[in-house]
Amino acid sequence: MIDELDRKVVRVLNGNARKSFREVAKEVGTSAPAVIHAVKRLEGAGALRGYVPLVDPEYFGVGLAAIVAVRFSKGKLLETQKRIARDPHVAAVYDVTGDWDSFIIGRFAGREDLNGFVKGLLAIPHVDRTVTHLVLNTVKEDPRVPV
């Protein structure tokens with residue numbers, strides 16, 4: 001069960017996960033051991049799954065973002081989605097309702113990189129059809145969960 005201290009700790013970590021337990025404790029108004037206990041409990045429960053830097057994709061040469069809608073033929077939906085998810089271009093695979101079975105969010109070095117990815121998708125058994133959307137402008141992109 002999540003309590004208010006857990007929420008406060010995660011809010012601070014969402015702002016900067018590199019802060020020390022002492023700094024977090026000062027911000028939330030509790031002791032460092034209480035913060036350590038809360039973080040360890042949240043990690044043990046799987047609520048905190050890791051700590052990653054927020055990276056500028058352009059700087060690292062993968063500035064082209066695309067959203068690919070995928071339709072699968074009969075069977076092996078989850079197995080095929082998991083296979084796609086292993087590709088290093090893929091940031092997210094969503095199983096969705098509606099006309100499409102999945103949406104894939106990916107990052108690419110350029111058009112040729114994206115082209116190879118999409119052709120590779122279409123070569124996977126059970127991938128029936130794709131429609132690719134290029135991201136022209138990112139208005140908001142935030143992997144943090146508001147708590």
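At 26% relative accessibility, Ile105 comes out as partly exposed, since that label covers values between the 20% limit for buried and the 50% limit for exposed. This is a residue of strand 3, and the structure it belongs to is a predicted model. Leaving aside residues up to four places away in sequence, Ile105 touches Ala66, Ile67, His89, Val90, Ala91, Ala92 and Tyr94. Tyr51 is another matter: 54 residues separate Ile105 and Tyr51 along the chain, and their C-alpha atoms sit 21 Å apart.

Stepping back to the whole chain, the protein has five helices and four strands. Read along the sequence, they come in the order α-α-α-β-α-β-β-α-β. The radius of gyration is 20 Å, well over the 15 Å that the globule rule gives for 147 residues, so the protein is more spread out than a compact globule. Along the principal axes, the C-alpha trace spans about 55 × 35 × 20 Å. Of the 147 residues, 27% are buried. As for who meets whom, take the contacts with a separation of 6 or more: residues 24 or more positions apart account for 61% of them.

Helix 4 makes a nice case of a helix with two faces. Running from residue 77 to residue 85, helix 4 has Thr80, Gln81 and Ile84 as buried residues. These three cover an arc of only 100 degrees around the axis, which puts them on the same side of helix 4. On the face turned away from that buried side are the exposed residues Leu78 and Glu79. And what does the buried side of helix 4 pack against? The partners of its buried residues are strand 1 (64-72), strand 2 (90-95), strand 3 (102-108), helix 5 (111-122) and strand 4 (127-134).

Next come the pockets. The largest pocket holds about 790 Å³ of space. Its lining is made up of 22 residues, and those nearest the centre are Asn14, Leu48, Gly50, Pro143 and Arg144. Which helix gives the most to this lining? Helix 1 (residues 4-15) does, with five residues. Sorted by class, the lining of the largest pocket has 14 nonpolar residues, along with four polar and four charged ones.

The second largest pocket offers about 670 Å³ of space. Here 19 residues form the lining, and Val55, Ala91, Arg107, Glu141 and Pro143 are the closest to the centre. Pro143 therefore turns up in the central group of the largest pocket and in that of the second largest pocket. Strand 2 and strand 3 each supply at least two residues of the second lining, and the largest share, four residues, comes from strand 2. By class, the lining of the second largest pocket splits into 13 nonpolar, one polar and five charged residues.

A few single residues round off the picture. Ala38 is found in helix 3 (residues 32-44). Is Ala38 buried or exposed? With a relative accessible area of 1%, Ala38 is buried, because anything under 20% counts that way. Not counting residues up to four places away in sequence, Ala38 touches Leu5 and Asp6. Arg49 is 11 residues from Ala38 along the chain, and 14 Å separate the two C-alpha atoms.

Two more residues sit in loops. Asp56 lies in the loop between helix 3 and strand 1, and its relative accessible area of 43% makes it partly exposed. From the C-alpha atom of Asp56 to that of Val68, 12 residues apart along the chain, the separation is 21 Å. His126 belongs to the loop between helix 5 and strand 4. At a relative accessible area of 29%, His126 is partly exposed. His126 also has a positive phi of about 80 degrees, although it is not a glycine.

Conventions:
Residues numbered from 1 in each chain as written. Predicted model: local features only at pLDDT ≥ 70, side-chain atom pairs only at ≥ 80, totals over all residues. Heavy atoms only, no water. Buried < 20%, exposed > 50% of the residue type's maximum accessible area, 1.4 Å probe, protein only. Arc of directions from axis to C-beta. Contact = heavy atoms within 4.5 Å. 1 Å grid on protein atoms, 1.4 Å probe; cavity = no way out; pocket = protein on both sides within 12 Å on 5 of 7 lines; lining within 4 Å. Points joined across faces, edges and corners; volume = space filled by probe spheres on them. Nonpolar A, V, L, I, M, F, W, Y, C, P; charged D, E, K, R; others polar. Rg over C-alpha atoms; globule rule 2.2 N^0.38 Å.
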